[in-house]
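User: I'd like a close look at one residue and its surroundings here, with a bit of the wider picture once that's clear. Take your time and join things up as you go.

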Amino acid sequence: MTAPLEVVGRSVERSDAVGHVTGRTRFAADRAFPGMLHLKMVRSPLHHARVRGIDLSEAERVPGFVRALTAADVPHNRYTILSLIGVEPEEEFVLAEDRVRFKGEAIVAIVAETEEAAMEAVAKVRLDLDELPAVFDVEEALKPGAPIVTHWGNNTFMYEGHPCRRVRLGDVEAAFARADHIVEGVYNSSPIEHAPLETTGCIAVPEGGRFTVYTNTQALYFSLDNTSIILQVPGNRLHFIGGTVGGGFGGKVDVIVEPIATLAAMKTGRPVRFVYSRSEEMQVSSTRSAWRIYLKDGVTADGRIIARKVTSYADSGAYSRQTPYALTKHAANAAGPYAIPNVSIDAYCVYTNRQPTSAMRGFGVTMASFALEVQMDRIAETVGLDPWSIRFLNAYRNGDMKPHRKLADDATLIETMQAAAALVGHELTAEQQAMTSAPRAGGDPGGR
Amino acid sequence: MAKLRGTGMAAVNYPTGMNLGGDPSQALVHATTSGSFVVTLSATDLGQGLRTVIGQIAAETLGVAYDQVVVDTADTDTGPHDMGTFASRATHRVGNAVIAAAVEARKALLDVAAEEFEASVDEIELDGHGNLMVRGVPARSMPVAEVASMAQFKYGRTIAGRGSFMKPRSEVDPETGAMDPDSTEAHACTVAEVEVDTETGEVTVLSIRSAYEVGRQVNPALVQGQITGGAWMGMSHALYETTAPYYPAPDHSPRDFSEYLMPGPLELPEIDCVVLEMPSSNGPYGVKGIGEMTANSPIPAIVNAIYHATGVRIDSLPVTPEKILRGLDARRP
Amino acid sequence: MASTIVTFELGGREVEVLVRPMTTLQSVLRNQLGQTATKDGCRQGGCGSCTVLVDGEPMASCLLPIEDVAGRRVTTLESLTPAEGLHPVQQAFVDEYAFQCGYCTPGMVMLSKALLDHDPAPNDEAIGQALAGNLCRCTGYRPIVDAIRHASGAMSGHDTEPVR
Amino acid sequence: MTVQAYLLPRSLPEALGQLAQHGLDVLVMAGGTVAMPLINDGISLPSVVMGLRLAGLDGVERANGRLRIGATTTLTQLLQQNAVPVLREAARNTASWSIRNMGTVGGNLFTPPPGGDVAVALLALDASVTLSSSRSARVVSLADFYTGFMTNELAPDELLAELWVPISNEPTAFLKYGRKHANTPAVVTVAARVTWDGPTVADARIALGAAGPHPIRARDAERLLVGTDLGTDAIAAASAAAARECEPFTDAIATEWYRRRMVGLFVGRALQQLAPGAATEDR
């Protein structure tokens with residue numbers, strides 16, 4: 001593209017600007033339909049329990065109650081978002097069967113004429129639960145004797161026979177043995193909520209043998225295809241309409257409301273609205289995973305990182321959702337934007353009795369960046385370099401092979417750091433100023 | 001009462017897109033008889049401005065003005081398949097699909113014009129302001145709208161294009177982790193400046209200044225919006241946010257916005273940035289995705305700045321005043 | 001459960017609604033009157049997305065039983081928006097790109113309007129104090145603060161360039 | 001439960017009459033900022049609710065050396081009254097603008113901790129409350145009003161109708177420490193007042209919020225100040241005493257440990273504002 005660009009590169013006014021400032025932009029739940037019913041969920045009050053019984057008799061007597069949906073009503077009662085792309089096993093339930101694995105897990109859907117009636121009926125459902133021991137810490141969950149969250153006997157997602165996603169390049173142990181310094185760190189984060197201003201929700205409307213679902217999903221076809229599988233109806237009977245999402249940040253890739261709302265619309269023949277309350281959004285919807293990341297680096301006296309070992313645990317909560325993929329993405333990025341010849345990464349997706357976690361802005365990478373960039377300062381301090389110098393010294397360049405054996409071809413870390421230094425008035429050395437991300441002479445050096 | 005100041009930095013890369021089971025997007029483009037072009041997608045706009053930048057990319061490729069393009073998104077009865085809006089993929093994937101569709105539609109438009117002008121299609125050009133002409137012959141010029149109308153009513157043809165872009169699936173080698181998980185990498189380097197109250201452990205973020213390298217900015221104001229909003233979210237992640245305040249304990253999980261802490265308009269640092277453009281080899285007009293990464297580098301930059309200010313290295317997020325105070329206590333004689 | 005009729009002023013017109021007891025103003029606006037500019041972000045008074053003006057003062061419409069509003073003057077974003085063009089506050093939000101997803105925007109515009117009615121030239125501290133109950137998850141607030149300063153200039157006749 | 005009836009009395013006698021009629025079944029609500037979120041979420045399912053917004057109980061006036069504050073005076077109305085600086089500060093630091101336009105002074109006394117900042121200020125001012133029923137009215141000191149977490153002296157047939165604040169020119173201080181600078185729940189709130197007898201402290205009030213099951217007085221700390229010159233040592237001793245005697249809790253905002261530490265710190269900072277030689281604008 002050598003011609004000068006006309007429109008690309010210009011700050012044109014947003015096409016939705018007037019809609020947003022006048023409030024005319026239509027969000028999913030801004031619609032109303034005649035005869036619309038409201039769905040509210042009965043949720044587990046316990047972190048881990050056996051479900052012995054559900055008593056709906058009092059709830060059914062609430063004026064305005066229309067019907068309840070339990071696991072038996074769901075044609076294919078498995079909710080596994082990534083099954084669409086072949087990720088197994090199927091392990092989460094649309095509505096709980098014999099066991100609940102986190103506080104807030106959906107057990108019974110109540111459909112009623114008004115939201116108030118639905119909430120009242122929810123409060124009147126009696127659950128008979130036997131509390132089970134629960135586990136909340138990623139490393140506790142991996143110890144022998146820990147309560148088992150999954151149905152396959154341990155608390156990790158299995159990656160082609162391994163309990164973790166592995167990356168191996170070179171020989172880290174040999175490099176540690178010849179390193180001048182070993183620098184270690186342990187980095188923790190706790191779960192984070194997406195907190196979109198618009199909560200997750202949809203309205204499912206029966207229309208002439210088809211179902212139109214107005215939803216704020218971030219991924220219309222993820223939602224449609226999963227709904228099709230769960231309800232065992234052909235995709236051509238589903239029509240999903242999205243549009244502007246009132247903040248996503250990854251939380252609305254979860255396909256959590258559409259299947260059950262559509263099922264309720266099928267069972268009642270009426271439009272059904274299912275929109276999370278703010279406390280559901282906070283306490284039930286997926287979060288960003290908590291992470292624990294162990295880093296061990298072998299460093300030469302002059303500050304070159306010759307080996308990096310990463311052991312990471314992401315707290316998936318009670319079910320997988322998108323988190324197994326987060327660990328793969330993490331593994332591809334857990335050594336950072338640095339040229340390190342010997343790398344070993346073990347990234348575990350661990351199940352606990354916590355609200356499930358899923359995609360969130362930067363998932364797999366955000367907490368890796370936190371850990372790595374604090375670690376870089378630790379290394380700098382250990383070898384007596386300043387934070388800029390340690391990064392320039394180790395920065396990756398085009399043509400370098402990353403630990404997952406992909407050649408870097410759009411590396412610009414050096415140029416970006418140079419620009420940041422200029423912005424804040426940090427004086428770089430002449431050597432740092434002269435550096436570029438151009439391929440190293442002689443290609444990717446084994447002995448760089 | 002002492003207030004200590006410190007500066008910290010962080011440098012990061014971030015991948016554009018993913019390889020989950022293959023990562024495709026499709027787009028359709030067609031001209032109406034009034035000369036506007038409709039881009040049809042099923043990708044959703046999360047507020048980052050996808051509709052706007054896709055309209056810009058379509059207008060650029062078609063060679064028409066931005067306001068001649070209508071972007072119709074997010075309806076599975078009309079929009080062709082899209083994986084969804086996540087993984088910093090939308091501008092890159094959908095943008096590439098739209099370019100392909102727009103190239104095809106533009107070709108159909110030029111074919112009609114060439115026939116009408118009795119010229120070779122190579123001689124026809126668009127002036128970017130809604131007119132088609134024979135190159136170098138301003139007299140032989142016609143509005144796009146007229147050609148589009150002629151296509152329908154005189155020639156019985158569509159002016160339409162189909163486009164798709166797919167990042168093929170990359171299996172991961174389970175032993176070595178060899179994989180091709182993304183399309184390109186954007187970069188950021190952030191310098192944060194903080195002030196710490198040694199009696200309360202409270203952190204005030206004074207500034208977050210960053211350089212970003214994003215390939216190509218389709219809309220600089222929207223890029224700036226991501227950087228400013230991301231800097232705030234990074235600061236929020238670093239110092240405030242958690243759904244399990246005493247992780248791994250599950251207790252005291254917030255129920256509402258008074259308990260779920262995020263900084264407000266009185267906690268804003270100075271936010272400044274420069275943006276470099278080093279076009280990627282595979283993004284539309286060289287684009288790299290930056291939707292997600294803007295929250296990343298501020299986190300370690302702030303944590304490193306706290307260490308620089310206080311000598312207390314906090315390795316767990318969020319960095320609460322209590323963690324800092326306990327760290328300071330441990331260092332007090 | 002006896003429904004009652006409540007009359008109030010909305011955007012200069014008297015409206016009469018038949019409601020079940022304690023229906024909120026938010027619900028009446030959104031579900032009965034189709035005025036969905038007033039958003040529904042938490043129903044806890046914690047996010048500001050449902051902010052409307054009652055007798056010119058900002059309030060959380062999710063916490064206000066409609067009966068309490070009887071006879072009072074309610075201003076929503078629908079009533080603020082001129083027939084043609086935009087209110088200066090709205091224009092400033094457009095010019096400063098002071099939104100991304102747009103869900104907080106109606107509440108932000110209403111709050112900003114109220115602020116400028118009370119204090120035509122607020123400084124950043126005053127803007128921050130006023131805005132502190134209206135959450136935005138996208139923009140980092142800076143563009144919103146800039147938009148209010150910009151609107152302040154425009155409304156006082158000192159039309160300023162966009163801050164950006 | 002779907003609300004069956006929403007009572008909107010137009011006067012105190014009407015409200016008391018309706019309360020006598022409905023008794024325990026009625027949920028009394030003033031500004032709605034505490035009750036409505038619970039009703040909206042189905043956590044509270046009342047059948048009958050009484051709203052006090054139109055009962056004419058708002059207003060602030062001076063009478064016989066005291067300030068009378070109607071129970072449904074909004075926090076914004078309180079903020080607009082210049083009469084008592086510490087109340088103004090407390091109102092200014094409570095919640096957000098919209099919530100201050102709705103929330104009431106009376107309601108603030110029923111807000112669970114860490115809320116209730118205005119109540120902390122009132123406690124430091126030796127405020128009292130009038131509890132009215134259709135049979136009688138009694139005045140109870142705010143210090144005696146609270147009986148535990150979310151429990152108080154109010155009988156089922158009583159309403160909190162008005163508050164009384166003695167007017168004095170004694171120096172006061174109000175500090176609220178939260179994680180944000182506005183619209184923030186308290187880590188700790190401190191309101192302090194000192195009565196001087198020449199160069200020595202004759203009496204002191206230190207009230208704490210988010211440091212117990214309800215707004216509390218730090219009585220040990222108060223006692224330690226009497227007879228001192230409010231010098232550095234006296235302030236340090238009182239701060240330490242307050243940190244010892246408070247009963248803070250852990251929640252999503254802060255731990256018990258951190259709150260206790262901040263009680264000591266912020267009691268100290270508040271007393272420093274009242275000490276001789278402090279910047280005069282605080283006096």
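Which helix of chain A does Thr416(A) lie in? Please start there and work outwards.

Analyst: Thr416(A) sits in helix 11 of chain A. Keep in mind that this is a predicted model.

Let's take the residue's own setting to begin with. Thr416(A) counts as buried because it has 31 C-beta neighbours inside 10 Å, and the cut-off for that label is 20 or more. As for what it touches, leave out the neighbours within four places in sequence and you get a list from chain B: Ala11(B), His187(B), Ala188(B), Cys189(B), Ala211(B), Glu213(B) and Leu276(B). For a sense of distance within chain A, try Glu173(A): it is 243 residues away from Thr416(A) along the chain, and their C-alpha atoms are separated by 32 Å.

Now zoom out to the contact between the two chains. Chain A puts 94 residues into it and chain B puts in 96. On the chain A side, the largest share comes from helix 11, residues 413-424, with 8 residues. That's the helix that holds Thr416(A). Sorted by class, the chain A side of this contact has 43 nonpolar, 30 polar and 21 charged residues.

Chain A also meets chain D, where the contact takes 9 residues from chain A and 5 from chain D. The chain D side breaks down into 2 nonpolar, 2 polar and 1 charged residues.

Over on the partner chain, the domain assignment splits chain B into domain 1 (3-16 + 182-331) and domain 2 (23-167). Their C-alpha centres lie 39 Å apart, and the contact between them draws 16 residues from domain 1 and 14 from domain 2. On the domain 1 side, the elements giving two or more residues are strand 1 (3-16) and helix 4 (220-239) of chain B. By class, that side has 8 nonpolar, 7 polar and 1 charged residues.

Helix 4 of chain B deserves a last look. Of its 20 residues, 19 are buried, so the helix is largely enclosed by the rest of the structure. Its length checks out too: at 1.5 Å a residue, helix 4 of chain B should span 28 Å, and its end C-alpha atoms are 29 Å apart, which agrees.

Notes: Residues numbered from 1 in each chain as written. Chains lettered and ligands numbered in written order. Predicted model: local features only at pLDDT ≥ 70, side-chain atom pairs only at ≥ 80, totals over all residues. Contact = placed C-beta atoms within 7 Å. Nonpolar A, V, L, I, M, F, W, Y, C, P; charged D, E, K, R; others polar. Helix = DSSP H or I, 4+ residues; strand = E, 2+ residues; numbered from the N terminus. Buried ≥ 20, exposed ≤ 12 C-beta atoms within 10 Å, placed from the backbone. Domains from an automatic or database assignment. Expected span 1.5 Å × (residues − 1).
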